[in-house]
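Work through the following exercises with the sequence and the 3D structure open. Each task is followed by a solution in steps.

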Amino acid sequence: MNRTGAMSESRMVVAKDKHESPVRTCLGCGQTKKKRDLLRFAVLNGLISVDKEYTLPGRGVYCCRLEKCLHFMMKKERKVARALRCEKLTWHDGLLSLLK
Ligand SMILES: [Zn+2]
């Protein structure tokens, strides 16, 4: 009885989440924020690029639109490499200029 109750409850939570903005974790500060409040980065032609439209295929990492967080994230190369499953990290040249 209890088990069935728990199951239907978790299903309700999942359904409810669909109506809310998805949340992602900033790799810089570790805070969870709404996906739309974060920048998405994905590997494009071997370069880690900003995915402004959240449409690039493959794995992505998220970071606040803050220079501080971007710097933190860029220092956590191993974490980013693991998240992107990309051994060699090459940051797109214009990455930081996006914040200016
Ligand atoms: Zn952050």
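**Exercise 1. Confidence**

Which elements of the chain have the lowest and the highest mean pLDDT?

Solution. The model is predicted; local features need pLDDT of at least 70, side-chain atom pairs count only at pLDDT 80 or more, and totals for chains, interfaces and linings use all residues. Residues are numbered from 1 along each chain as its sequence is written. pLDDT is the predictor's confidence in each residue, from 0 to 100. Helix H1 (residues 2-17) has the lowest mean, 54, and strand S2 (residues 32-34) has the highest, 96. For the chain, the mean pLDDT is 83, and 77% of the residues reach 70 or more. Where pLDDT is low, predicted coordinates should not be read in detail.

**Exercise 2. Elements and sheet**

List the helices and strands, then give the strand order of the open sheet.

Solution. Elements are DSSP runs numbered from the N terminus: helices are H or I with at least four residues, strands are E with at least two. The chain holds 3 helices and 5 strands, and along the sequence they follow the pattern α-β-β-β-β-β-α-α.

For the sheet, strands count as paired if DSSP finds at least two bridges between them. The open sheet has 3 strands in the order S4-S3-S5, with antiparallel pairing. Its edge strands are S4 (47-50) and S5, each of which pairs on one side only. From one strand to the next the twist averages 35°, where axes are lines fitted to C-alpha atoms and angles run from 0 to 180 degrees between N-to-C directions. S3 and S5 pair over 5 bridges in the antiparallel sense. Ala42 stands opposite Gly60 in S5.

**Exercise 3. The core**

Identify the residues with the most contacts inside the largest nonpolar core, and the elements that contribute to this core.

Solution. A nonpolar core is a set of buried Ala, Val, Leu, Ile, Met, Phe, Trp, Tyr and Cys residues joined through C-beta atoms within 7 Å. The largest has 13 residues, and Cys26, Leu27, Tyr62 and Cys63 have the most contacts inside it. Strand S3 (38-44), strand S5 (60-64) and helix H2 (67-75) each give two or more residues to this core; S3 gives the most, with 4 residues.

Next, take Tyr62. Two residues are in contact if their C-beta atoms, placed from the backbone, lie within 7 Å. Leaving aside neighbours within four places in sequence, the contacts of Tyr62 include Cys26, Leu27, Leu38 and Leu39.

**Exercise 4. Buried or exposed**

Are Ile48, Gly30, Asn45 and Arg85 buried or exposed?

Solution. A residue is buried if 20 or more other C-beta atoms lie within 10 Å of its own, exposed if 12 or fewer, and partly exposed in between; C-beta atoms are placed from the backbone.

- Ile48 lies in strand S4 and is buried, because 22 other C-beta atoms are within 10 Å. Ile48 touches residues including Phe41, Val43 and Trp91. Its C-alpha atom is 7.1 Å from that of Leu89, 41 residues apart along the chain.
- Gly30, in the loop between strand S1 (23-25) and S2, is exposed because it has 10 C-beta neighbours inside 10 Å.
- Asn45, in the loop between S3 and S4, is exposed because it has 7 such neighbours inside 10 Å. Asn45 has a positive phi of about 50° although it is not a glycine.
- Arg85 is in the segment after helix H3 (77-84) and is exposed, because 9 other C-beta atoms are within 10 Å. Its phi is also positive, near 55°.
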